[in-house]
Amino acid sequence: MQTYLLSQQFNTRSLAENSTACPANATICSGTSCVLPEDNFNETLSVILSTVLTIMLALVMFSMGCNVDIKKFWGHIKRPWGIFVGFLCQFGIMPLTAFLLSLAFNVLPIQAVVVLIMGCCPGGTASNVIAYWVDGDMDLSISMTTCSTLFAMGMMPLCLFIYTKMWTDSNAIVLPYDSIGISLVALIIPVSFGMYVNYRWPSKAKVILKIGSIVGAILIVLIAVVGGILYKGSWIISPKLWIIGTIFPAAGYSLGFFLARIAGLSWHRCRTVSLETGMQNTQLCSTIVQLSFTPEQLELMFTFPLIYSIFQLLFALLILGGYRLYRKHRVKTKTDVEKTEEKEDSKSTSSHAKINGGFVSNETK
């Protein structure tokens, strides 16, 4: 009887352990937290979605280029004050903010490194779409994205060397220069075609721009959804990383806007710099993380780029909604003021005409 009870307890314990154990094919496993390799369906889905998203992104950047004036774009290159302010935000504010957040929350060294990698990444192309919807300076937005991606070749290793040496050897971080180069080419070529279309056929460019801006808005949401499907790994990570992933993009938007305003940029350029600062190239961060760390290390910070991506999108949509409400109220108020002024002008004109026998001078017309 005692042997039977012991056997029953052993079987019960084995079933409990098996029910909570990770599958045998898990690449990362810690209790119930598992990261599974992609199965054939997921691999096929990944290829199809990557192809579709790449084509859509190229079309969106082509349409964004249709809103870029060659002369104004070249003006930003020749007098790069706005680009310089954006450069300070991108490779000055963001890495420093990442460093301070990592210290403040006292995260693990490997988690601090992924936060710093995110802070050192160049701006993402989604910022160009949002900049269009908030009436930003598209010429500045495109030039900032292009220049930050180009400067990332040298600035990312420098920033990582400066900020990560207290946690890890910067040589252990693999920078995918080929991915940065591909991002640069994928940005420059469609934008250049769009700029040419805007130069040759301005009326057609406006139609393409309207369609592309709508497709771009859909694409941003689609990328976030696809990320959730393909990165179905462990979401049970440190709450500190969730908090940092929430604060970091908000700090980027705010500090970028204030620095641009202090630098004397106009309001629409401040909005542009703000978006370019807060919206990072999260795909590049994910690539660097997966190339640089072991599966055991990835468990501690695997989903941070996706967390940042979600919250940078959420705050960008809040900025867009707030701006649209402000613009609607401001335009309405401005229209009412103009109507009042027109009535007052017409009254003064009629009274002036009565005094002068019906004669109205050219100055009052």
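Q: Which residues have the most contacts inside the largest nonpolar core?
A: The structure is a predicted model. Its largest nonpolar core has 40 residues. Those with the most contacts inside this core are Val115, Ile117, Met156 and Phe248.

Q: Which element gives the largest share of this core?
A: Helix 4, helix 5 (109-120), helix 7, helix 10, helix 12 (282-292) and helix 14 each give two or more residues to the core. The largest share amounts to nine residues, and the element that supplies it is helix 5.

Q: Which residues does Met156 touch, not counting residues up to four places away in sequence?
A: Met156 is among the residues with the most contacts inside the largest nonpolar core. With residues up to four places away in sequence not counted, Met156 touches Cys120, Cys121, Pro122, Leu175, Ile180, Leu284 and Ile288.

Q: How many residues does the second, separate core have?
A: Ile130, Ile142, Tyr253 and Tyr323 are included in a second core, separate from the largest one. The number of residues in this second core is 25.

Q: At roughly what angle do the axes of helix 4 and helix 10 cross?
A: Helix 4 spans residues 81-105 and helix 10 residues 239-262. Their axes come within 10 Å, and the crossing is right-handed. The crossing angle is roughly 145°.

Q: How do the residues of the contact of helix 4 with helix 10 divide into nonpolar, polar and charged?
A: On the side of helix 4, the contact includes Val85, Leu88, Thr97 and Phe105. Helix 10 contributes, among others, Lys240, Phe248, Gly252 and Gly256. The residues of this contact divide into 16 nonpolar, three polar and one charged.

Q: How many residues apart in sequence are the parts that the pair Asp135 and Arg327 ties together?
A: Asp135 forms a salt bridge with Arg327, with the closest N and O atoms 3.2 Å apart. Asp135 lies in the loop between helix 6 (126-133) and helix 7 (138-164), whereas Arg327 lies in helix 14 (residues 304-355). The pair therefore ties together parts whose separation in sequence is 192 residues.

Q: Is Asp137 buried or exposed?
A: Asp137 and Arg269 meet through their side chains in a salt bridge (2.8 Å, N to O). Arg269, in helix 11 (residues 267-278), is partly exposed at 30% relative accessibility. Buried means under 20% relative accessible area. Asp137 has a relative accessibility of 7%, so this residue counts as buried.

Q: How many salt bridges does a search of the whole structure find?
A: One salt bridge joins Asp135 and Arg327, and another joins Arg269 and Asp137. The search of the whole structure gives a total of two.

Key. Residues numbered from 1 in each chain as written. Predicted model: local features only at pLDDT ≥ 70, side-chain atom pairs only at ≥ 80, totals over all residues. Heavy atoms only, no water. Axes fitted to C-alpha atoms, helices over the stretch in contact; angles between N-to-C directions. Helix = DSSP H or I, 4+ residues; strand = E, 2+ residues; numbered from the N terminus. Left-handed = near helix turned anticlockwise from the far one by under 90°. Contact = heavy atoms within 4.5 Å. Nonpolar A, V, L, I, M, F, W, Y, C, P; charged D, E, K, R; others polar. Salt bridge = Lys/Arg side-chain N within 4 Å of Asp/Glu carboxyl O. Buried < 20%, exposed > 50% of the residue type's maximum accessible area, 1.4 Å probe, protein only. Core = buried A, V, L, I, M, F, W, Y, C linked by side-chain atoms within 4.5 Å.
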